[in-house]
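Subject: Structure handover and notes

Dear colleague,

Please find the structure below, as promised. My notes on what turned up in it follow, and I would be glad if you read them with the model open.

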Amino acid sequence: GFPVWGTCAGMILLAKKLVDDPTVHLGCMDITVKRNAYGSQLDSFITVDNIKALDDKPSKLVFIRAPYIEKVGKGVEVLAAVDDRIVAVKYGTQFGLAFHPELDQDNRIHEMFLDTVKAAIQNNESAIK
């Protein structure tokens, strides 16, 4: 139940399965991730799209040698997809993002994660009492 934020390589570490790679790192998020799915460093790109979990305001999404999610398991909420490829998910208190929101001024996805952290702290404090 501990809140976790995995961006790009961090999402790879969280994944239970990687495409064409038997390696499992933390394996705590029921997703299947394709590493370097968009190509090499030269294929990095920026696009503008909606993160459906936020609102209708478009977000700038920065992809650097990015992975994407090929498959999600039970309980995994898809937060964003670009060209029918899943690029952001939430699983309980864990977030996995293929793009780098820290490279933009838009803090809405960070605020969503911080709200999740605050709720987890409150739940933990209630459980202790």
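A residue is called buried here when its relative accessible area is under 20%, exposed when that value is over 50%, and partly exposed in between. By that rule Arg108 is buried, and so is Asp106. Please keep in mind throughout that this is a predicted model.

The overall picture

The secondary structure of the protein chain comes to 2 helices and 9 strands, and read along the sequence these follow the pattern β-α-β-β-β-β-β-β-β-β-α. The radius of gyration of the protein chain is 15 Å, which agrees with the value near 14 Å for a compact globule of 129 residues, and the C-alpha atoms fill a box of roughly 50 × 35 × 20 Å along the principal axes. Of the 129 residues in the protein chain, 40% are buried, and the accessible surface comes to about 7,400 Å², with 51% of it belonging to carbon and sulfur atoms. Among the contacts between residues at least 6 apart in sequence, 53% join residues that are at least 24 apart.

The charged pairs

Side chains of opposite charge can pair when their charged atoms come close. In this model the count comes to 4 salt bridges.

The salt bridge between Arg108 and Asp106 has its closest N and O atoms 2.7 Å apart, and the side chains of these two residues are also joined by a polar contact of 2.7 Å. Asp106 lies in the loop between S9 and H2, and Asp106 counts as buried because its relative accessible area, 18%, is under the 20% limit. Leaving aside residues up to four places away in sequence, Asp106 touches Pro58, Ser59 and Pro101. The pairing also extends further, in that Asp55, Asp106 and Arg108 are linked in a network of salt bridges.

Ser59 belongs to the same account, since its side chain makes a polar contact of 2.7 Å with the side chain of Arg108. Ser59 is found in strand S5 and is buried, with a relative accessible area of 4%. If residues up to four places away in sequence are again not counted, Ser59 touches Thr47, Val48, Asp49, Ile51, Leu54, Asp106 and Arg108.

Strand S5 also holds Lys60, which forms a salt bridge with Asp104. The closest N and O atoms of that pair are 3.9 Å apart. This pair links distant parts of the chain, with Asp104 in the loop between strand S9 (94-97) and helix H2 (108-128) and Lys60 in the strand, 44 residues apart. Lys60 is partly exposed, at a relative accessible area of 34%.

Elsewhere, Arg35 forms a salt bridge with Asp21, where the closest N and O atoms are 3.7 Å apart. Here too the pair links distant parts of the chain, 14 residues apart: Arg35 is in the loop between strand S3 (29-34) and S4, and Asp21 is in the loop between strand S2 (15-18) and S3. Both partners count as partly exposed, Arg35 at 42% relative accessibility and Asp21 at 21%.

The aromatic rings

Which residues do the ring pairs link into a cluster? They are Tyr38, Phe45, Phe63, Tyr68 and Phe99. A search of the whole structure finds 8 aromatic pairs. One of them is formed by Tyr38 and Phe45, which meet edge-to-face at 5.1 Å centre to centre, with 70° between the planes. Tyr38 is buried, with a relative accessible area of 18%, whereas Phe45 is partly exposed at 26%.

Phe45 also pairs with Phe63: their ring centres lie 4.7 Å apart and their planes are at 10°, so this pair is stacked. The pair links distant parts of the chain, with Phe45 in strand S4 (residues 45-49) and Phe63 in strand S5 (residues 59-63), 18 residues apart. Phe63 is buried, with a relative accessible area of 1%.

If you want a place to begin in the viewer, I would suggest Ser59 in strand S5, and then the polar contact from its side chain to that of Arg108.

With best wishes

Methods
Residues are numbered from 1 along each chain as its sequence is written. This is a predicted model: local features need pLDDT of at least 70, side-chain atom pairs count only at pLDDT 80 or more; totals for chains, interfaces and linings use all residues. Side-chain values use heavy atoms; hydrogens and water are left out. Rings of Phe, Tyr and Trp (its six-membered ring) pair if their centres lie within 6.5 Å; planes under 30 degrees apart count as stacked, over 60 as edge-to-face and the rest as tilted. Buried means under 20% relative accessible area, exposed over 50%, partly exposed in between (1.4 Å probe, protein chains only). Helices (H or I, at least four residues) and strands (E, at least two) are DSSP runs, numbered from the N terminus. A salt bridge is a side-chain nitrogen of Lys or Arg within 4 Å of a carboxyl oxygen of Asp or Glu. A polar contact is a pair of N or O atoms within 3.5 Å; within protein, one must be able to donate a hydrogen and the other to accept it, and residues adjacent in sequence count only if both atoms are side-chain atoms. Contact means heavy atoms within 4.5 Å. The radius of gyration is taken over C-alpha atoms; the globule rule is 2.2 Å times the number of residues to the power 0.38. Accessible areas come from the Shrake-Rupley method with a 1.4 Å probe; for residues, only the protein chains shown count as cover.
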